[in-house]
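Please look at the sequence and the model side by side before you read on, and keep both in view as the explanation moves from the whole chain to single residues.

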Amino acid sequence: MLERKRRKNGTEVTFVLPADTPPGPVSVVGDFNDWQPGTHVLEPREDGLRAVTVALSGKKTHTFRYLAAGDYWFDEEQADGHDGTNSHLRT
């Protein structure tokens, strides 16, 4: 799930997943963090989910995926689009 908050100079996007699906640590990786795993790791929230918030500037389309333990890559079902490999997010 994606939660968005418009800000003066861009958009804050919170990437949200269930606490244990998939199990283990999960990072969101994309063009906004040079595809570096571990830069934006989803952390537990009080509501039983896990999430990470990323500040994105300007109006553009970003490409991203999730990376879980065991080199398991997956897409965001609620993304603004998909290209067969990656999820897309318009800010």
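The paragraphs below treat confidence, then the sheet, then one residue, and finally the core.

This is a predicted model, in which local features need pLDDT of at least 70 and side-chain atom pairs count only at pLDDT 80 or more, while totals for chains, interfaces and linings use all residues. Residues are numbered from 1 along each chain as its sequence is written, and side-chain values use heavy atoms, with hydrogens and water left out. The protein chain averages a pLDDT (the predictor's confidence in each residue, from 0 to 100) of 95, and 100% of the residues score at least 70. Confidence in the protein chain is lowest in strand 1, with a mean of 94, and highest in strand 3, at 98.

Strands here are DSSP runs of E with at least two residues, numbered from the N terminus, and two of them pair if DSSP finds at least two bridges between them. An open sheet is formed by 4 strands in the order 1-2-5-4, with antiparallel pairing. Strand 1 (2-7) and strand 4 stand at the edges with a single partner strand each, so one side of each is left without a neighbour in the sheet. Strand 2 pairs with strand 5 (residues 49-57) in the antiparallel sense over 9 bridges, and Thr 11 has Leu 56 in strand 5 as its bridge partner. Strand 4 (residues 43-44) also pairs with strand 5 in the antiparallel sense, over 2 bridges: Glu 43 stands opposite Ala 51, and Pro 44 stands opposite Arg 50. The hairpin of strand 4 and strand 5 has 4 residues between the strands, and in this hairpin Gly 48 takes a positive phi near 90°.

Is Thr 14, a residue of strand 2 (residues 10-18), buried or exposed? Thr 14 counts as buried because its relative accessibility is 11%, where buried means under 20% relative accessible area, exposed over 50% and partly exposed in between (1.4 Å probe, protein chains only). The side chains of Thr 14 and Thr 53 are joined by a polar contact of 2.7 Å; such a contact is a pair of N or O atoms within 3.5 Å, and within protein one must be able to donate a hydrogen and the other to accept it, while residues adjacent in sequence count only if both atoms are side-chain atoms.

Which residues have the most contacts inside the largest nonpolar core? They are Phe 15, Phe 64 and Tyr 66, in a core of 17 residues, where a nonpolar core is a set of buried Ala, Val, Leu, Ile, Met, Phe, Trp, Tyr and Cys residues joined through side-chain atoms within 4.5 Å. Strand 2, strand 3 (26-30), strand 5 and strand 6 (61-68) each supply at least two residues of this core.
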